[in-house]
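Reader: I would like a close look at a single part of this model. Please take one helix and its surroundings, and walk me through the packing and the charged pairs.

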Amino acid sequence: MAANFNLVSTKRMEQLEQEAEERMLVSQDEGYLKTISKRFMRNKVAMGGLIVFGLVILMAVFAPLIVNYSPYETTGFFETAPNSDFLLGTDEVGRDVFSRLVYGARVSLIVGLGSVAIYIAIGTTLGLISGYFGGLTDAFIMRLTEVFMSFPYFMVILVLVSLVGPSIWTVTIVLGLLGWPTVCRLVRGSVLSIKDTDFIQAAVSVGHSTPHILFKQILPNVLSPILVNATFGIANSILTEASLSFLGMGVRPPTSSWGNMLSNAQSLTVLGETK
């Protein structure tokens with residue numbers, strides 16, 4: 001009876017310790033998020049950028065409610081100057097330019113957010129593995145990143161898109177698969193600086209699994225460089241998609257994109273004075 005009582009007491013103590021640890025982790029996460037939110041809200045430039053980005057997202061989501069014409073619809077008015085019916089006029093085919101501009105925001109956001117989500121997932125995972133395990137694993141992953149970074153980024157994208165075929169999904173996937181090396185190196189450096197700290201050694205000694213240590217203990221402490229890289233990456237992906245579409249290797253007409261709209265604006269009839 002005494003042995004059974006001691007066994008039950010030990011299990012109960014372990015359960016209480018685990019519950020206390022979980023409550024502590026939750027409170028730490030809440031405090032971390034509150035600190036980040038307060039610092040972000042004190043930065044006026046960051047808040048301004050967030051507001052502008054939020055307006056672009058709202059414009060893309062509620063595009064059917066904002067515009068009066070479909071971006072593919074020919075109105076019968078060709079190269080019309082801006083007026084009350086067509087805020088930005090019409091193009092040489094008779095499509096409303098404002099509608100195409102608003103719907104083009106959807107393409108830019110899909111490419112920007114989608115490609116960044118892909119390469120952040122790849123780069124973060126490989127960076128965590130490389131920094132935590134070290135040795136041959138670290139050497140292999142670092143040599144792989146150097147191989148990817150040694151090629152001219154834009155030229156490789158042009159070749160891959162031309163081989164697969166230009167489309168919004170091709171551009172998104174190609175940008176995502178080629179953009180991870182920078183994130184991988186950033187995460188690896190952060191992991192190397194904290195993997196020998198006391199709380200990581202304590203997690204190892206307690207017997208937590210490797211995935212738990214990587215994604216529950218280490219990842220929350222290396223989020224800062226990841227978030228910074230993601231914000232710049234979204235803007236860079238949008239510009240890259242616009243450049244590819246401008247060259248005819250990205251989103252193809254009649255789908256509206258900011259890049260192919262700029263390409264169409266090169267014609268002398270568009271640049272000339274509208275009667």
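Author: What follows goes from the whole chain to one helix, then to its partners.

This is a predicted model. The chain has 13 helices and zero strands. From the N terminus on, the elements run α-α-α-α-α-α-α-α-α-α-α-α-α. Of the 275 residues, 32% count as buried. Among contacts with a separation of 6 or more, 67% are between residues 24 or more positions apart.

Take helix H8, residues 180-194. What does H8 pack against? One partner is H4, residues 97-133. The two helices pack at an angle of about 35 degrees, and their axes are 7 Å apart. Their crossing is right-handed. On the H8 side, the contact is made by Trp180, Val183, Cys184, Val187, Arg188, Val191 and Leu192. H4 brings Tyr119, Ile120, Ile122, Gly123, Thr124, Leu126, Gly127, Leu128, Ser130, Gly131 and Tyr132. By type, the residues of this contact divide into 12 nonpolar, five polar and one charged.

Stay with Arg188. Its side chain meets that of aspartate 138 in a salt bridge, at 2.6 Å from N to O. Arginine 188 lies in H8 and aspartate 138 in helix H5, residues 135-150, so the pair ties together parts that are 50 residues apart in sequence. Are the two partners buried or exposed? Arginine 188 is partly exposed, with a relative accessible area of 21%. Aspartate 138 counts as buried, at 11%. The cut-off for buried is under 20%.

H5 also holds threonine 145. Its relative accessible area is 0%, and threonine 145 is buried. Which residues does threonine 145 touch, its neighbours within four places in sequence left aside? They are Trp180, Pro181, Cys184 and Arg185. Trp180 and Cys184 also take part in the contact of H8 with H4.

H5 carries a second charged pair. Arginine 143 forms a salt bridge with glutamate 146, and the closest N and O atoms are 2.9 Å apart. Both residues lie in H5, three residues apart, about one turn of the helix. An α-helix has 3.6 residues a turn, so residues three or four places apart point the same way. Both ends of this bridge are partly exposed: arginine 143 has a relative accessibility of 43%, and glutamate 146 has 37%.

The structure holds three salt bridges. One of them joins aspartate 91 and arginine 95, with the closest N and O atoms 3.0 Å apart. Here aspartate 91 counts as buried, at 11% relative accessibility. Arginine 95 counts as buried too, at 9%.

Now turn to H10, residues 210-218. Its buried residues pack against H4, H8 and helix H9, residues 198-206. Which residues of H10 are buried? They are Ile213, Leu214, Gln217 and Ile218. Seen down the axis of H10, these residues fall within an arc of 120 degrees, so they line one face of the helix. The face turned away from that buried side carries the exposed residues Pro211 and Lys216.

To put H8 together: H8 packs against H4 at about 35 degrees. Arginine 188 bridges from H8 to aspartate 138 in H5. The buried residues of H10 pack against H8 as well.

Notes
Residues numbered from 1 in each chain as written. Predicted model: local features only at pLDDT ≥ 70, side-chain atom pairs only at ≥ 80, totals over all residues. Heavy atoms only, no water. Buried < 20%, exposed > 50% of the residue type's maximum accessible area, 1.4 Å probe, protein only. Helix = DSSP H or I, 4+ residues; strand = E, 2+ residues; numbered from the N terminus. Arc of directions from axis to C-beta. Contact = heavy atoms within 4.5 Å. Salt bridge = Lys/Arg side-chain N within 4 Å of Asp/Glu carboxyl O. Axes fitted to C-alpha atoms, helices over the stretch in contact; angles between N-to-C directions. Left-handed = near helix turned anticlockwise from the far one by under 90°. Nonpolar A, V, L, I, M, F, W, Y, C, P; charged D, E, K, R; others polar.
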